[in-house]
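I opened a notebook for this structure and kept the entries short. Each one records what I looked up.

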Amino acid sequence: MHDAAPQPLTAHRSGPLNGEAQVPGDKSVSHRALILGALSVGRTEVMGLLEGQDVLDTAAAMRAFGATVTRLAEGHWAIDGVGVGGFAEPAGVIDCGNSGTGVRLIMGAMATTPISATFTGDASLSARPMGRVTDPLQLFGAEVTARDGVRLPLTLRGAGDPVPVTYRTPVASAQIKSAVLLAGLNAPGQTVVIEAVPTRDHTERMLRGFGAEITSEAGPDGVTITLTGRPELRPQRVAVPRDPSSAAFPAAAALLVPGSEIRIPGVSRNPTRDGFYTTLTEMGADLTFENDREEGGEPVADLTLRASRLRGVTVPAARAASMIDEYPILAALAATAVGSTHMPGIHELRVKESDRIDAMARGLEACGVRIEETPDSLTVHGMAAVPGGATVASRLDHRIAMSFLILGLASEAPITVDDAGPIATSFPDFLPLMRGLGAQITP
Ligand code: S3P
């Protein structure tokens with residue numbers, strides 16, 4: 001899919017958006033369900049799996065490592081796993097496409113099994129740092145051969161005689177934490193991850209659900225997660241909650257477009273993922289969560305939003321980990337708010353699918369919005385009406401593409417995204433879903 005021709009889309013000023021938005025399954029949970037299913041002995045069934053390209057690439061990788069992965073119906077998948085330590089050496093190169101989560105978690109999952117695998121990805125993924133994951137994996141005894149800067153393609157040789165590791169993550173990253181925990185599954189004894197700032201905890205929740213012994217303890221140093229190695233993972237039925245990061249796009253559209261009201265049922269309310277919704281409330285958004293319940297070990301609720309005049313805020317840097325993927329759409333919303341929105345402590349945005357600070361800053365400027373940028377912050381000065389009338393580069397980044405299409409629904413002149421193809425990595429039905437709500441988005 002990475003060689004596909006660019007697919008430009010244009011968003012036009014739209015009338016009120018109304019209806020129900022069935023957003024796709026959570027991407028983070030979907031990757032983990034496939035990987036833990038592959039590491040269990042027996043059949044795991046997953047309901048509501050995200051069928052975006054990122055997750056399909058992880059499914060293909062699990063097949064390459066020896067699991068049987070079957071699509072039974074839409075969103076309903078079965079994984080017949082090979083057990084902890086049971087991965088076979090893949091015959092070919094593992095292509096993780098656009099997915100940082102996919103490649104980093106899979107590298108962790110194979111790093112303590114004595115097999116070799118070569119990983120590759122698209123131009124975006126090949127530019128992203130992998131040393132943050134291969135560094136701790138080498139502590140287990142894995143060996144890495146990579147090009148300069150530890151970028152893909154790289155080859156990992158799993159440890160034949162792994163040792164357990166205690167690792168303090170140098171940046172707030174659920175991918176680093178998860179790679180270490182997945183490697184710890186096939187190491188004897190206890191593997192410990194200490195994170196100064198809590199990040200999304202889907203790996204811990206799901207490992208517990210699959211029967212691993214794992215504890216999380218908050219202390220003065222942050223959170224200490226301790227996993228006992230070599231468990232027998234028991235296959236599960238996993239119900240994937242709807243992705244709060246995908247829900248953020250129709251949610252933002254409802255707030256931006258005057259007269260709108262939309263409902264988004266079954267959205268994950270995992271507290272390690274809810275920073276965006278906290279921020280929206282502080283900005284004065286009219287939003288409510290109802291029918292709180294638990295699905296598949298994760299809290300979910302139904303979200304309703306109505307068009308709102310937002311005010312600019314300062315987003316506390318301490319909140320960054322809980323809304324790390326939502327800054328692009330927040331920056332788009334901030335362009336229409338009364339006053340300025342200051343987003344400090346977001347250096348990690350520079351190493352996502354694109355440099356998201358730069359992508360949003362250049363795109364907003366092109367749309368006539370005033371911004372200020374530092375190495376680790378972005379400030380957006382809101383205006384009564386965003387001029388728009390620009391073509392913005394999506395830079396192989398689904399969230400940049402969706403953010404500008406949403407902004408275009410409320411800008412004076414249309415906003416074109418040069419390539420909306422990457423949206424298929426996380427939200428394949430974005431276009432029909434948004435059109436169904438009344439959004440004017442055209443090829
Ligand atoms: C993810 C973790 C985050 C996030 C990504 C998904 C995960 O990345 O940006 O979209 O599923 O663990 P980092 O761990 O690099 O912050």
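**Entry 1: what covers helix 10**

I began with the surroundings of helix 10. Its buried residues are covered by several elements, including helix 8 (244-256), helix 9 (275-282), strand 18, helix 11, strand 20 and helix 12. I noted that I am reading a predicted model. Next I looked up how many residues of helix 10 are buried. The count is eight of its eight residues, so I wrote the helix down as mostly covered, buried being under 20% relative accessible area. I listed them by name: Tyr327, Pro328, Ile329, Leu330, Ala331, Ala332, Leu333 and Ala334.

**Entry 2: the loop before helix 10**

I stepped back to serine 322. This residue sits in the loop that runs between strand 17 (298-306) and helix 10 (327-334). Is serine 322 buried or exposed? I found a relative accessible area of 17% for serine 322, which is under the 20% cut-off, so it is buried. I then left out neighbours within four places in sequence and looked for contacts. Serine 322 touches Pro271, Thr272, Arg273, Asp274, Gly275 and Phe276.

**Entry 3: helix 11 against helix 12**

Two of the covering elements also pack on each other. I looked up helix 11 (residues 356-366) and helix 12 (residues 398-408). Their axes lie 11 Å apart and make an angle of about 25 degrees. Because that angle is under 35 degrees, helix 11 counts as roughly parallel to helix 12. The crossing of helix 11 past helix 12 is right-handed.

Which residues meet there? From helix 11 I noted Arg356, Ala359, Met360, Gly363 and Leu364. From helix 12 I noted His398, Arg399, Ile400, Ser403, Phe404 and Leu407. Sorted by class, this contact of helix 11 with helix 12 holds six nonpolar, three polar and two charged residues.

**Entry 4: a three-stranded sheet**

I turned to the strands. One open sheet has three of them, in the order 18-20-19, with antiparallel pairing. Strand 18 (340-343) and strand 19 (370-374) are at the edges. Each has a single partner strand, so one side of each lacks a neighbour in the sheet. On average, neighbouring strands of this sheet are turned by 10 degrees against each other, direction ignored.

I checked one pair in detail. Strand 18 and strand 20 (residues 377-381) are joined by four bridges in the antiparallel sense. Threonine 341 has valine 380 in strand 20 as its bridge partner. Helix 11 came up again here: it packs on the sheet and touches strand 19 and strand 20. The direction of helix 11 makes about 160 degrees with that of strand 19.

**Entry 5: strands 7, 8 and 9**

I looked up the pairings of strand 9 (residues 151-157). Strand 7 (residues 116-120) runs antiparallel to strand 9, and four bridges join them. Threonine 118 is bridged to threonine 155 in strand 9. Strand 8 (residues 143-147) also runs antiparallel to strand 9, through five bridges. There, glutamate 143 has arginine 157 as its bridge partner. Strand 8 and strand 9 form a hairpin with three residues between the strands. In this hairpin, glycine 149 takes a positive phi near 80 degrees.

**Entry 6: threonine 416**

My last stop was threonine 416, in strand 22 (residues 413-417). Its relative accessible area is 18%, so under the 20% cut-off threonine 416 is buried. Beyond neighbours within four places in sequence, threonine 416 contacts Pro8, Leu9, Thr10, Ala390, Thr391 and Val392.

Notes: Residues numbered from 1 in each chain as written. Predicted model: local features only at pLDDT ≥ 70, side-chain atom pairs only at ≥ 80, totals over all residues. Heavy atoms only, no water. Pairing = 2+ DSSP bridges. Helix = DSSP H or I, 4+ residues; strand = E, 2+ residues; numbered from the N terminus. Buried < 20%, exposed > 50% of the residue type's maximum accessible area, 1.4 Å probe, protein only. Contact = heavy atoms within 4.5 Å. Axes fitted to C-alpha atoms, helices over the stretch in contact; angles between N-to-C directions. Parallel < 35°, antiparallel > 145°, perpendicular 65-115°, else oblique. Left-handed = near helix turned anticlockwise from the far one by under 90°. Nonpolar A, V, L, I, M, F, W, Y, C, P; charged D, E, K, R; others polar.
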